[in-house]
Amino acid sequence: MPSTAPASPLDAPAARLAGLPAVVSASTVVLVLGSFPGAASLRAQQYYGHPQNHFWRILQALWPQHPLPGSAGPASYAERCEWLLERGLGLWDVYASCEREGSLDADIRHAVVNDFASLRTVAPRLAAIAHNGGESYKHAARTAALGVPVHKLPSTSPANASWSFERKLNAWAELMARYRLT
């Protein structure tokens, strides 16, 4: 009788993963688009949930006059999202779902792209898209269809070790200043 099991664990299909909902509002001016949440972020159900990701640290450095909820004690993810929205920043990912083992963008397979056209009704003040890293930026042509400038930022991921924190911070600061979000 033939076996129905995969020949090896490498042949087994990866589980279908669903992304996180967009964090956007009518006040969103710049939308940061990642590729797809890493394993730590999916477990936590939070964007940039890996403790070594520089995303939240960069934003706190950009807006020191507005302390990030949780920087002096516990804060909920909802409080952090509200803090972002108050500054005119939104979050989402390029991919709504995909198959992937681990957290690396290079391992993303069979991805389904999010519906960017829907953003216009939710975020009428949207002035720019900021792709957080190269995998996200591969979809710049799709996001440019929204009629706003599209920018590539260095990934805040710990996998992007070739960029120092300071170099990432400078690139992010330049873009936020361009849209008066500092």
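## Exposed turns, a half-buried helix and a pocket

His110 is exposed, with 58% relative accessible area, which is over the 50% that the exposed class requires. The residue sits in strand E5, which covers residues 109-113. Before going further, please keep in mind that this is a predicted model.

**Backbone with positive phi**

Most residues other than glycine have a negative phi. His110 goes the other way, with a positive phi of about 50 degrees although it is not a glycine. Gln45, also not a glycine, has a positive phi of about 55 degrees. Gln45 lies in the loop between H1 and H2, and its relative accessibility of 47% makes it partly exposed. A further case is Arg180, found just after H7, where phi is positive at about 55 degrees. Here are the three side by side:

| Residue | Phi | Place |
|---|---|---|
| Gln45 | about 55 degrees | loop between H1 and H2 |
| His110 | about 50 degrees | strand E5 |
| Arg180 | about 55 degrees | just after H7 |

**Helix H7 and its buried face**

Helix H7 takes in residues 165-178, which makes 14 residues. From its first C-alpha to its last it reaches 20 Å, close to the 20 Å expected at 1.5 Å a residue. Which residues of H7 are buried? They are Phe165, Lys168, Leu169, Trp172, Leu175 and Met176. Viewed down the helix axis, these buried residues fall within an arc of 135 degrees, so they line one face of H7. An α-helix has 3.6 residues a turn, so residues three or four places apart point the same way. On the other side of H7, Asn170 and Glu174 are exposed.

The cover over the buried residues of H7 includes strands E2 (30-34), E3 (89-93), E6 (128-132) and E7 (150-153), along with helix H2 (55-62).

**Trp172, a residue to look at in detail**

Trp172 belongs to helix H7. Its relative accessibility is 0%, so Trp172 counts as buried. Leaving aside residues up to four places away in sequence, Trp172 touches Val32, Phe55, Ile58, Leu62, Asn132, Leu153, Pro154 and Thr156. For a sense of distance, Glu79 is 93 residues apart from Trp172 along the chain, and the C-alpha atoms of the two are separated by 22 Å.

**Helix H2**

How many of the eight residues of H2 are buried? Six of them are, so H2 is largely enclosed by the rest of the structure. The buried residues are Phe55, Trp56, Ile58, Leu59, Gln60 and Leu62. Among the elements that cover them are E2, E3 and E6, as well as helix H3 (77-86) and H7. The cover of H7, in turn, includes H2.

**The largest pocket**

Rolling a probe the size of a water molecule over the atoms shows where empty space is left. In this model the largest pocket holds about 590 Å³ of space. Its lining has 31 residues, and those nearest the centre of the pocket are Asn53, Ser103, Asp105, Ser155 and Ser157. Sorted by class, the lining has 12 nonpolar, 15 polar and four charged residues.

Which element gives the most to this lining? That is H1, with three residues. Helix H1 (39-44), helix H5 (134-137) and E7 each supply at least two residues of the lining. E7 therefore appears in two settings, as part of the pocket lining and as part of the cover over the buried residues of H7.

Key: Residues numbered from 1 in each chain as written. Predicted model: local features only at pLDDT ≥ 70, side-chain atom pairs only at ≥ 80, totals over all residues. Heavy atoms only, no water. Helix = DSSP H or I, 4+ residues; strand = E, 2+ residues; numbered from the N terminus. Expected span 1.5 Å × (residues − 1). Buried < 20%, exposed > 50% of the residue type's maximum accessible area, 1.4 Å probe, protein only. Arc of directions from axis to C-beta. Contact = heavy atoms within 4.5 Å. 1 Å grid on protein atoms, 1.4 Å probe; cavity = no way out; pocket = protein on both sides within 12 Å on 5 of 7 lines; lining within 4 Å. Points joined across faces, edges and corners; volume = space filled by probe spheres on them. Nonpolar A, V, L, I, M, F, W, Y, C, P; charged D, E, K, R; others polar.
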